[in-house]
Amino acid sequence: REQADGEPRFSMLVVVREFALEQLAENGETDEINERHSGFYASLSETAQPEIDGAKAAEWLERLEQEHDNIRSALEWSLEKKPETALRIVAAIWVFWGRRGYLAEGGSWIKQALGRNGEDADPKLRTKACLGVGALSRLQGDLEAANSFCEESLRLSREIGDRELICKALGSLGNVKAVRKDIPAARAFTEESLAIAREIGDKSLISSRLNSLGEIARTEEDYEVARKYYEECYLIAKQESFNSLISVFALNLAAVASLQEDYQPAHSYALEGLKISQELGEKKMIAVALNIFAALAVRGGELEKAARLYGAGQAIFEAIGYKTEPVDRKFDDLYESEARAAIGDEKFEAAFREGHTMRTKQAIALARETA
């Protein structure tokens, strides 16, 4: 069959596949083929890793989505027969799992790979894997696990002296502290991470840390400072075509602009963030965008529409197992409570339930209608 890019993709009838597997087993070639298969997907995952933040993010995320069953198969075999290959895969691919909403599945694969490899495994791979499961745990609201894995990634990265990984571990730990509302620690870790990011000249990490400082400022309701941080990281991401980051930064700008009652830029940023998130298939960010459009609908007096959008956003969060972080929950609660007060709980809940059953495409279309 033809893929979206015009390239052919081959598949087998189940009966043919079963016969082929029997022939491999009879000839004693099963392990050899599985080893080559898992090695290929480890290499593919490692090639994809730097691409999924850049200008070709949509293309690479979609490619990984198409290959996901092959990746699962490679992980199943390599966990039993060649654990380091499994560790290579999970260390490289966890961002894909986070972006596409495979939070629990991704976390499970990483924990299995770490468990199968033990402490003698490549420390760089272990560091990356701990970073991954820490981030996925945070997104699911398991903050104890997130904190533990991020601390381990920082310990390991310092042991091997890898400045880039130290920077990432510090930033991830800062994000966990922010969600746990330990603002002094969050700021300290984030600022240390930003200093290293500037030293090594990594613009992706620089922009990510500036965004984290913006989140801290927004938590403290210092919206002017938050907006400056968001604008700075957004500009870097635009210049460097960091598409996945642009969607995050644009939606954060939309939220803070809304809080400042600057609704025209809020709407423009929300549209941009939604468009990119949809192109990338980033489920969590699509839901975040729907909630921002719900807030704008409240301000525009479209209260039942707002409730529908909140319902649609919540349905996505539930489907992927994402727990909204405090800074976003506070934003959502502000506008949601206003809508409830204006139309009453009964009407709000009826519209919310309607939105909760909407298809994502319908909800996106509804959001785009918001003035």
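1. Start with R138 and E325, whose side chains meet in a salt bridge at 2.4 Å, N to O. R138 sits in helix α7 (residues 123-139) and E325 in the loop between α16 (303-320) and α17 (326-343), so this pair ties together parts that are 187 residues apart in sequence. R138 is buried, with a relative accessible area of 15%, and E325 counts as buried too, at 13%. Keep in mind while you look at this contact that the model is predicted.

2. That pair belongs to a longer list: the structure holds 38 salt bridges. As background, side chains of opposite charge can pair when their charged atoms come close. I picked out a few to look at one by one.

3. E67 and R9 are worth a look next. They form a salt bridge, with the closest N and O atoms 3.0 Å apart. E67 is in the loop between α3 (57-66) and α4 (68-81), while R9 is in the segment before α1, so the bridge ties together parts that are 58 residues apart in sequence. Are these two residues buried or exposed? E67 is buried, at 9% relative accessible area, and R9 is buried as well, at 18%. The cut-off for buried is under 20%, so R9 with its 18% falls on the buried side.

4. Now for a local one. D69 pairs with R72 in a salt bridge, and the closest N and O atoms are 2.7 Å apart. Both residues lie in helix α4, three residues apart, or about one turn of the helix. D69 counts as exposed, at 56% relative accessibility, whereas R72 is partly exposed, with a relative accessible area of 22%.

5. If you like networks, go to R329. Which residues are linked with R329 through salt bridges? The network is made up of R329, D333, E336, R340, D345 and E349. Color these by charge and you can follow the Arg, Asp and Glu side chains of the network.

6. On to helix packing. Two packed helices are described by the angle between their axes and the distance between the axes. Here, helix α2 (residues 30-48) packs with helix α5 (residues 83-100) at an angle of about 25°, and their axes are 8 Å apart. That makes α2 roughly parallel to α5, since angles under 35 degrees count as roughly parallel. As for handedness, α2 passes α5 in a left-handed crossing.

7. Two contacts between C-alpha atoms are handy for finding your way around. The first involves G311, which is found in helix α16 and is buried, with a relative accessible area of 0%. The C-alpha atoms of G311 and A363 are separated by 9.3 Å, with their positions 52 residues apart along the chain. The other involves I236, in helix α12 (residues 223-240). I236 is buried at 15% relative accessible area, and its C-alpha is 9.0 Å from that of I246, which is 10 residues away in sequence.

8. Check the backbone at K181. Its phi is near 65°, a positive value in a residue other than glycine. For context, most residues other than glycine have a negative phi. Where is K181 found? K181 is in the loop between α9 (163-179) and α10 (183-200), and K181 is exposed, with a relative accessible area of 62%.

9. E221 deserves a similar check. E221 has a positive phi of about 65° although it is not a glycine. E221 has its place in the loop between α11 (203-219) and α12. At 47% relative accessibility, E221 counts as partly exposed.

10. Last, the surface. M12, L13, V15 and V16 form a nonpolar patch there, with about 420 Å² of accessible area together. V16 is one of the residues in this patch, and its place is in helix α1 (residues 14-26). How accessible is V16 on its own, and what is its relative accessible area? V16 is partly exposed, with a relative accessible area of 42%.

Methods:
Residues numbered from 1 in each chain as written. Predicted model: local features only at pLDDT ≥ 70, side-chain atom pairs only at ≥ 80, totals over all residues. Heavy atoms only, no water. Patch = residues over 30% accessible without salt bridge, like charges linked within 9 Å, V, L, I, M, F, W, Y side chains within 5 Å. Areas by Shrake-Rupley, 256 points an atom, 1.4 Å probe, with all protein chains shown as cover. Salt bridge = Lys/Arg side-chain N within 4 Å of Asp/Glu carboxyl O. Helix = DSSP H or I, 4+ residues; strand = E, 2+ residues; numbered from the N terminus. Buried < 20%, exposed > 50% of the residue type's maximum accessible area, 1.4 Å probe, protein only. Axes fitted to C-alpha atoms, helices over the stretch in contact; angles between N-to-C directions. Parallel < 35°, antiparallel > 145°, perpendicular 65-115°, else oblique. Left-handed = near helix turned anticlockwise from the far one by under 90°.
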